[in-house]
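Student: Could we go through this model together? I'd like to see how its parts fit.

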Amino acid sequence: MTTDPGASVARALPGANPAPTTIFVQITDTHIREPGRLAYGRLDTAPYLRAAVAAIGALPQAPQAVVMTGDLSDFGRAEEYAHLAALIAPLTVPVYLIPGNHDTRAGLRQAFPRHDYLGVDGPIRYAVDIGGLRLLALDTSVPGKSHGELDDGQLRWLDEELARCAGRPAVIAMHHPPFATLIGHMDKIGLLAGAEALERIVARHAHVERIICGHVHRPIERRFGGTIASVCPSPAHQVCLDLQPDAASAWILEPPAFRVHALDPAGHLVSHLAPIGRFDGPHPFHENGKLID
């Protein structure tokens, strides 16, 4: 006898599909160059970001914001940021930017003067509301270096901001993941200072639903401080999946993607990976109320 497992789950979990109260998209590691320039001498990253922006616009449920978690440019040059601004201009929702090790704080601030949450000097950090959640952005970049750090000032600010929004779902956004990914050449330039202190802070605040990161160009998750820390892949190139500690530093054109983070009515964040591209479908599972045989 053929059964419909989807129907069984629906019967077992009545009302299991409530509409989300808040949706935001995460994009990371766009590595935009000046028009006509290729990343690594062979990759035009602009069409990939253009496709990601189009895919966001085509989502069945429009997000309330887009969060871009670093390495937005490739070298932090003014021409790259101008190109980035043009590419994301079609987005009709607020866009929140966070620097990565390929960015410069001054370059971001100069290119996006209307984004006053970026501040005027020092590390970029801010707290904003996206629907029913609080987004807390940290700047892990170290000027002129590839690795990341969190200093006492950033950590103290985070602890205070989390205390202020106690009882509301909170998401921490940063570029470098606060854990070892087991991809050796990336971990060597990972978050080399502040991760242990960050974990202690997060463990004190049970309303932290997620820590969202970039840097490693792959979908990666790990338990961290009682919550989940996750890495988002790039809308362009990915880092090769090779867990040999001395594996070569290399990239690959695996399928590009972004994340869709949705807050359910109970205040829990549900995170989806959304591949970018054209795929066959959608096709129905059922016809005349029955599973198609």
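Tutor: Sure, here are some questions and answers on confidence, the sheet and one helix.

Student: This is a predicted model, so which residues have pLDDT under 50?

Tutor: Overall the chain has a mean pLDDT of 93, with 95% of its residues at 70 or more. Where pLDDT is low, the predicted coordinates should not be read in detail. The stretch to treat that way, where pLDDT stays under 50, is residues 1-14.

Student: Which strands stand at the edges of the open sheet?

Tutor: Six strands make up this sheet, running β4-β5-β7-β9-β11-β10 with mixed pairing. An edge strand here has a single partner, so one side of it lacks a neighbour in the sheet; the two strands like that are β4 and β10.

Student: What is the bridge partner of isoleucine 172 in β9?

Tutor: Look at β7 and β9, which pair in the parallel sense over four bridges. Across from isoleucine 172, the partner in β9 is isoleucine 211.

Student: And α7 packs on that sheet, so which strands does it touch?

Tutor: Its direction makes about 65° with that of β10. The strands of the sheet that α7 touches are β7, β9, β10 and β11.

Student: Why do the buried residues of α7 line one face of the helix?

Tutor: Those buried residues are Ala195, Leu198, Ile201 and Val202. The face turned away from them carries exposed Glu196, Arg200, Ala203 and Arg204. Viewed down the axis of α7, the buried residues line one face because they fall within an arc of 120°.

Definitions and conventions. Residues numbered from 1 in each chain as written. Predicted model: local features only at pLDDT ≥ 70, side-chain atom pairs only at ≥ 80, totals over all residues. Heavy atoms only, no water. pLDDT = per-residue confidence, 0-100. Contact = heavy atoms within 4.5 Å. Buried < 20%, exposed > 50% of the residue type's maximum accessible area, 1.4 Å probe, protein only. Arc of directions from axis to C-beta. Pairing = 2+ DSSP bridges. Axes fitted to C-alpha atoms, helices over the stretch in contact; angles between N-to-C directions.
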